[in-house]
Amino acid sequence: MRTMVDEHTPPVVAVVVAAGLGTRFGGPVPKQVTSLTGKAVVAVAVESLAAGGCDEVVVVVKEGMHNHLQLALAASPIPVHFVTGGDTRQDSVRNGLRYIADDEHLGRATTVLIHDAVRPLVPAYIVEDVIDAVEAGAVAVTPVVEVTDTIRQIDGEGSRVIDRSALRAVQTPQGFDRVVITECHEQLSRDGGTVTDDISCCERYGHRATLVEGSRMALKITEPVDLDIAEVLAKAAAGAGHHSGRRVGRMLRAVTPSNVADKLGHGGKE
C-alpha cells in the first residue's frame with residue numbers, strides 16, 4: 001500500500017484512454033459517458049483508479065468531446081488533465097505520455113498506468129497490485145485472467161482446439177516505468193509498427209512483461225449488454241463492500257448464465 005503522496009513524492013499518474021469511437025456500442029451517446037450507477041463510465045473508471053492509489057489522471061479525449069468529459073469528471077476525487085487523442089489508440093496513448101513528460105509536476109512521475117476508460121469496475125486491489133509491482137522494480141506489468149471459453153484456431157478450411165490452460169486474457173490498467181514506456185511508444189511511432197496493447201509495445205523493444213492476477217470485475221464495455229452486466233456487477237460490489245472484487249468474483253462463479261439473464265431482464269435475449 002502506498003503512503004499518501006506529498007510534494008516530495010513522485011505522483012502515480014494514469015493515462016485513461018477515452019478517445020475511442022465505440023462503433024460496436026452504437027447509440028447517440030459515446031460509451032465513455034454513458035451512465036453506470038448514475039455516473040459516467042469514465043468517471044467510475046477514474047474513481048476506481050483513485051481508490052487503488054493513482055494520484056492524478058490524464059484523460060485522452062476525442063476531438064470535440066472535451067466538454068462532455070469535463071462535465072462527466074467534474075466531481076473526480078483526484079486531479080484530471082485532458083489531452084486530445086490521435087487517429088489510433090497508440091497515438092492517443094503517446095499523446096497522453098507526452099503530456100505527462102512535458103508537465104513540470106506530472107513529469108516527476110516514475111510510475112505510470114495506462115487504462116481503458118471502458119473498464120470502469122476494476123477493483124482497487126488490482127490497481128494497487130500493478131502499482132506495487134512497478135515500484136518493486138518491474139518495468140511493464142499487466143493484470144491477466146484465465147481463459148474460460150474453449151478456443152478454436154482456424155486452420156485453412158478447418159479448425160482445431162487450442163489448449164487454454166496456458167492462455168490468459170489481458171486487462172488494464174497496465175503499469176510501467178514511465179521513461180521506458182514513453183521511449184518505447186516514441187520508438188514505435190518512428191518505426192511505424194502496430195501493437196494491440198502497451199505491454200506488447202514494451203516487449204517489442206526487449207522488456208519483460210510481469211503478470212499479476214486480474215479480475216472478472218474489470219470487464220470491458222464493448223456492446224450495450226456489457227453495460228447491463230456492469231450495472232449488475234456494480235450493484236453486487238456495493239452489497240459486498242466497496243471494491244471487494246475478490247468476494248464478488250466468488251459470488252459470480254455461483255451464478256448461472258440463466259440467472260444473469262433473468263437479472264438483466266432479458267430472458268436470455270437482447
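What percentage of the 270 residues of the chain count as buried? I looked this up before anything else and found 48%, where buried means under 20% relative accessible area, exposed means over 50%, and partly exposed lies in between, with a 1.4 Å probe and protein chains only.

**Basis of the entries.** I am working from a predicted model, in which local features need pLDDT of at least 70 and side-chain atom pairs count only at pLDDT 80 or more, while totals for chains, interfaces and linings use all residues. I number residues from 1 along each chain as its sequence is written, and side-chain values use heavy atoms, with hydrogens and water left out.

**Whole chain.** I noted nine helices and 12 strands, taking both as DSSP runs numbered from the N terminus, with helices being H or I of at least four residues and strands being E of at least two. For contacts, meaning heavy atoms within 4.5 Å, I looked at those with a separation of 6 or more and found that residues 24 or more positions apart account for 70% of them. The chain exposes about 13,600 Å², of which carbon and sulfur atoms supply 50%; the areas come from the Shrake-Rupley method with a 1.4 Å probe, and for residues only the protein chains shown count as cover.

**Helix H3.** I then turned to H3, residues 89-102, which has 14 residues and reaches 20 Å from its first C-alpha to its last, close to the 20 Å expected at 1.5 Å a residue. The expected span is 1.5 Å times one less than the number of residues in the helix. Its buried residues are Gln-90, Asp-91, Ser-92, Val-93, Arg-94, Asn-95, Gly-96, Leu-97 and Ile-100. I found that their cover includes strands E1 (13-18), E4 (56-61), E5 (80-84) and E6, together with helices H5 (178-191) and H6.

**Salt bridges.** I counted five salt bridges, each being a side-chain nitrogen of Lys or Arg within 4 Å of a carboxyl oxygen of Asp or Glu. One of them joins Arg-89 to Asp-116, with the closest N and O atoms 3.0 Å apart. This pair links distant parts of the chain, with Arg-89 in H3 and Asp-116 in strand E6 (residues 111-116), 27 residues apart. Arg-89 is partly exposed at 28% relative accessibility, whereas Asp-116 is buried at 11%.

Arg-89 also forms a salt bridge with Asp-198, where the closest N and O atoms are 2.9 Å apart. Here too the link is between distant parts of the chain, Asp-198 lying in helix H6 (residues 198-204), 109 residues from Arg-89. Asp-198 is buried, with a relative accessible area of 2%.

Within H3 itself I found Asp-91 in a salt bridge with Arg-94, the closest N and O atoms being 3.1 Å apart. Because they are three residues apart in the helix, Asp-91 and Arg-94 are separated by about one helical turn, and both are buried. Going back to the earlier pairs, I noted that salt bridges with shared partners join Arg-89, Asp-116 and Asp-198 into one network.

**Cysteines.** I found zero disulfides, a disulfide being a pair of cysteine sulfur atoms within 2.5 Å. Cys-184 is in no disulfide, and the nearest cysteine sulfur, that of Cys-202, is 4.2 Å away. Cys-201 is likewise in no disulfide, the nearest cysteine sulfur being that of Cys-184 at 5.2 Å. Cys-184 is buried at 4% relative accessibility, and Cys-201 is buried at 0%.

**Helix H4.** Why is H4 largely enclosed by the rest of the structure? I found that nine of its 12 residues are buried, so the rest of the structure largely encloses it; the buried ones are Ala-124, Tyr-125, Ile-126, Val-127, Glu-128, Val-130, Ile-131, Ala-133 and Val-134. H4 covers residues 124-135, and its end C-alpha atoms are 17 Å apart, which agrees with the 16 Å that its 12 residues should span at 1.5 Å a residue. Just after H4, Gly-137 takes a positive phi of about 120°.

**Hairpin E8-E9.** My last entry concerns strands E8 (residues 151-155) and E9 (residues 158-162), which run antiparallel and are joined by five bridges; two strands pair if DSSP finds at least two bridges between them. Ile-151 has Ile-162 in E9 as its bridge partner. The two strands form a hairpin with two residues between them, and Gly-156 in the turn has a positive phi of about 65°.
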